[in-house]
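Colleague: I would like to learn how to read a model like this one. Could we go through it feature by feature?

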Amino acid sequence: MRNLVVSPRVRISLGVLALAGGTAVGAPPAFHQAVSTSAPNLWYKFDEPANATTIVNHGSWGAAYNATPFNGVLLNQASSLGDPAVRFNQATQPYIESSTAAPAGLTGNPTFTIETIVKVEGQGTLWAPFLFWGGNTTGTSAWLAIQGNNPDRYFAGFYNSGLRTVCRTAGTAWYHIVWVRDSAGGTRNSLAGSTLYINGEPAQLTRDESLLGGIVPNILAGKFRIQKAGDFTRFWSGAMDELALYTRALSAQEIEAHAAAFGVGTQARFCPADLNADCLVDGFDFVLFVAAYNLLLCDDPTMPFNCPADLNRDSAVDSEDFLIFVQAYNALLCE
């Protein structure tokens, strides 16, 4: 079943079609305002000039957590929206390191949120981190990273235990990534309490089979590092535009607002039409979409997956959602 028939209800709009193919490419000022409202503790905007030797912490912890770039980190790399980013070339083993170690509140088994915007362009090595802090033994450090050597999958967890994304991402795209880790007062193990959002949407996660099962984290104090763990062997090539850390769990509403402010928009959400979360947009998703489309309004609490067919979240499943669905359906794979 690959040929969809457009019903008379569908009003094709060139503007809608353009939005359906949109891709977020950088962080505009509205994103900065959204992050500021959520009050991060650590926040690297990466808006320094190309010759800077210090990366400023704009979060509440202040200058004590300014960072230093090493080994050829490229600063002031322009994005399409004019917001500077940093760029890494894996061959030079670049990294960024904070001046001060993580405070006591982020040791042990803490609750926190990490947020970043990244474009992974080249092969990674051994869980190369977007952000790392802690020790070098099982359970003693926190990682938001690529998974293994796979630049198209992400990892959220701890040294030697954690979760990975199921669906693959595109290597040429920017992604807004948020890891919310709620430890429930330090009672949850490494496989519980984590939600990873990609472009504002919760991603399907599974245990990283390359690592151990559930362990109780006991994170040690250590400097915050980007592109580096406790050794010098974990790097990827690509760009990063924003890195923020919060000592609390951001709400789903906050994360969705950040993604929207970044410019993701509802049409560019990560694989929005994969309604049954199997990393494909196919006939099974079409059946779910049609059921919601015939209802028109998303006001039925019995709808599967909380009415995800409202792809542009305007409280109606209508022609605009249909156009978004068709674009994803034609692509088939969520990549």
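What follows is a short tutorial on cores, strands, a helix and ring contacts.

Modeller: Keep in mind that this is a predicted model.

Colleague: Which residues touch the most other members of the largest nonpolar core?

Modeller: The general idea is that in soluble globular proteins, nonpolar side chains tend to be buried together. Here the largest nonpolar core has 42 residues, and F130, W133 and M240 touch the most other members. Strand β6, residues 112-120, gives the most to this core, with four residues. There is also a second, separate core of 18 residues, which includes L275, V317, I324 and Y329.

Colleague: Which residues of helix α5 are buried?

Modeller: An α-helix has 3.6 residues a turn, so residues three or four places apart point the same way. In α5 the buried residues are S319, D321, F322, L323, I324, F325, V326, A328 and Y329. Two of these, I324 and Y329, are also among the members of the second core. Helix α5 covers residues 319-331, 13 in number, and spans 19 Å from first C-alpha to last, close to the 18 Å expected.

Colleague: How many bridges join strand β8 to strand β9, and how many join β9 to β10?

Modeller: In a regular strand the side chains alternate between the two faces of the sheet. Strand β8 (residues 141-147) runs antiparallel to β9 (residues 150-158), with six bridges between them. The antiparallel pairing of β9 with β10 (residues 161-165) has four bridges. G157 stands opposite W143 on the β8 side and opposite G162 in β10.

Colleague: What do the turns look like in these hairpins?

Modeller: The hairpin of β8 and β9 has two residues between the strands, and G148 takes a positive phi near 60°. The hairpin of β9 and β10 also has two residues between its strands, with N160 in the turn at a positive phi of about 75°.

Colleague: How many aromatic pairs are there?

Modeller: The count comes to 23. One of them is Y154 with Y175, which is edge-to-face, at 6.4 Å centre to centre and 75° between the planes. This pair links distant parts of the chain, since Y154 lies in β9 and Y175 in β11 (residues 175-181), 21 residues apart.

Colleague: Why does Y154 count as buried?

Modeller: Buried means under 20% relative accessible area, and Y154 has 2%. Y175 counts as buried too, at 7%.

Colleague: Which rings are linked into a cluster?

Modeller: Ring pairs link W61, Y65, F112, W133, F158, W179 and F224. W133 appears in the largest nonpolar core as well.

Colleague: Where does K45 lie?

Modeller: K45 lies over the face of W43, 4.8 Å from the ring centre.

Key:
Residues are numbered from 1 along each chain as its sequence is written. This is a predicted model: local features need pLDDT of at least 70, side-chain atom pairs count only at pLDDT 80 or more; totals for chains, interfaces and linings use all residues. Side-chain values use heavy atoms; hydrogens and water are left out. A nonpolar core is a set of buried Ala, Val, Leu, Ile, Met, Phe, Trp, Tyr and Cys residues joined through side-chain atoms within 4.5 Å. Buried means under 20% relative accessible area, exposed over 50%, partly exposed in between (1.4 Å probe, protein chains only). The expected span of a helix is 1.5 Å times one less than its number of residues. Two strands pair if DSSP finds at least two bridges between them. Rings of Phe, Tyr and Trp (its six-membered ring) pair if their centres lie within 6.5 Å; planes under 30 degrees apart count as stacked, over 60 as edge-to-face and the rest as tilted. A charge sits over a ring if NZ of Lys or CZ of Arg is within 6 Å of the ring centre and within 35 degrees of the ring normal.
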